[in-house]
Amino acid sequence: MPNQSAGILLYRRRAGVVEVFLVHPGGPFWAKRNAGAWSIPKGEFEPGKDLLEAAKREFEEETGFTVEGTFTALQPVRQRGGKVVYAFAVEGDCDASAIRSNTFEMEWPPKSGRMREFPEVDRAEWFTIEEAMERINEGQRGLVGEVGSTLEPQG
């Protein structure tokens, strides 16, 4: 069975334009990558666990924010490595500059014997649907496209 993740695609409407909230992975491998590197806040979950609760938990762990509202299940997507991402869209807002992510430890530089701590998410931003399609991991584009195609911009 492939790895599975659950996440939240938070969206808002600003000046008649739909924007989505994406996060950039932390750590040295992603530091200089931008296009195709961004993601929805998501994480792996144990089989048999409630998908929405897992998605909410991962959103909070990666951003420091809780999210409530009416959640809409999106069509699952499969990333290039085989991971299946289950996501829920919800309308809301948050200050992208105020995220507080959990951290992970890894040996860095490689083979140095030194362990360093990095944030799981190093930054977050709001993007229009068009911008998000350029920034997000290719395997997650379907999530952004589904939200973009189902929401009518409002003034």
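**Exercise 1. Work out how enclosed strand S2 is, and find its partners.**

Start with burial: 8 of the 9 residues of S2 are buried, so the strand is largely enclosed by the rest of the structure. Buried here means under 20% relative accessible area, exposed means over 50%, and partly exposed is in between, with a 1.4 Å probe and protein chains only. Strands (E, at least two residues) and helices (H or I, at least four) are DSSP runs, numbered from the N terminus.

A quick word on the source: this is a predicted model, where local features need pLDDT of at least 70 and side-chain atom pairs count only at pLDDT 80 or more, while totals for chains, interfaces and linings use all residues. Residues are numbered from 1 along each chain as its sequence is written, and side-chain values use heavy atoms, with hydrogens and water left out.

Next, the partners. Two strands pair if DSSP finds at least two bridges between them.
- Strand S1 (residues 4-14) pairs with S2 in the antiparallel sense over 4 bridges, and Arg-12 stands opposite Glu-19 in S2.
- Strand S9 (residues 121-128) also runs antiparallel to S2, joined by 7 bridges. Look for Trp-126 in S9, the bridge partner of Phe-21.

**Exercise 2. Find the residues with a positive phi at Ala-15 and Lys-111, and say whether each is buried or exposed.**

The background first: most residues other than glycine have a negative phi, and most peptide bonds are trans.

Step one is the hairpin that S1 and S2 form, with 2 residues between them. Ala-15 sits in that turn, with a positive phi of about 50°. Ala-15 is exposed, at a relative accessible area of 81%.

Step two takes you to the loop between S7 and S8, the place of Lys-111. Lys-111 isn't a glycine, yet its phi is positive, at about 60°. Lys-111 is exposed too, with a relative accessible area of 82%.

While you're there, check Pro-109, which is in the loop between strand S7 (103-107) and strand S8 (115-119). The peptide bond from Trp-108 to Pro-109 is cis, with omega near -5°.

**Exercise 3. Show which residues of helix H3 are buried, and what covers them.**

Pick out the residues: in H3 (residues 141-150), the buried ones are Leu-143, Val-144 and Val-147. Seen down the helix axis, they fall within an arc of 95°, so they line one face of H3. That arc is taken from the directions from the helix axis to the C-beta atoms.

Now the cover, which includes S1, S2, strand S5 (77-78), strand S6 (84-91) and helix H2 (129-135). Contact means heavy atoms within 4.5 Å.

**Exercise 4. Describe the largest pocket and its lining.**

The largest pocket holds about 400 Å³ of space. A pocket is an open set of points on a 1 Å grid over the protein atoms alone, with protein on both sides within 12 Å along at least five of seven lines; a 1.4 Å probe is used, and lining residues have an atom within 4 Å of a point.

Of the 21 lining residues, the closest to the centre are Pro-25, Ser-39, Lys-42, Glu-62 and Glu-120. Strand S2 (17-25), strand S3 (42-44) and helix H1 (51-63) each give two or more residues to the lining, and S3 gives the most, with 3.

Finally, sort by class: 8 nonpolar, 7 polar and 6 charged residues. Asp, Glu, Lys and Arg count as charged; Ala, Val, Leu, Ile, Met, Phe, Trp, Tyr, Cys and Pro as nonpolar; the others, Gly among them, as polar.

Definitions and conventions: Grid points are joined across faces, edges and corners, and a volume is the space filled by probe spheres set on the points.
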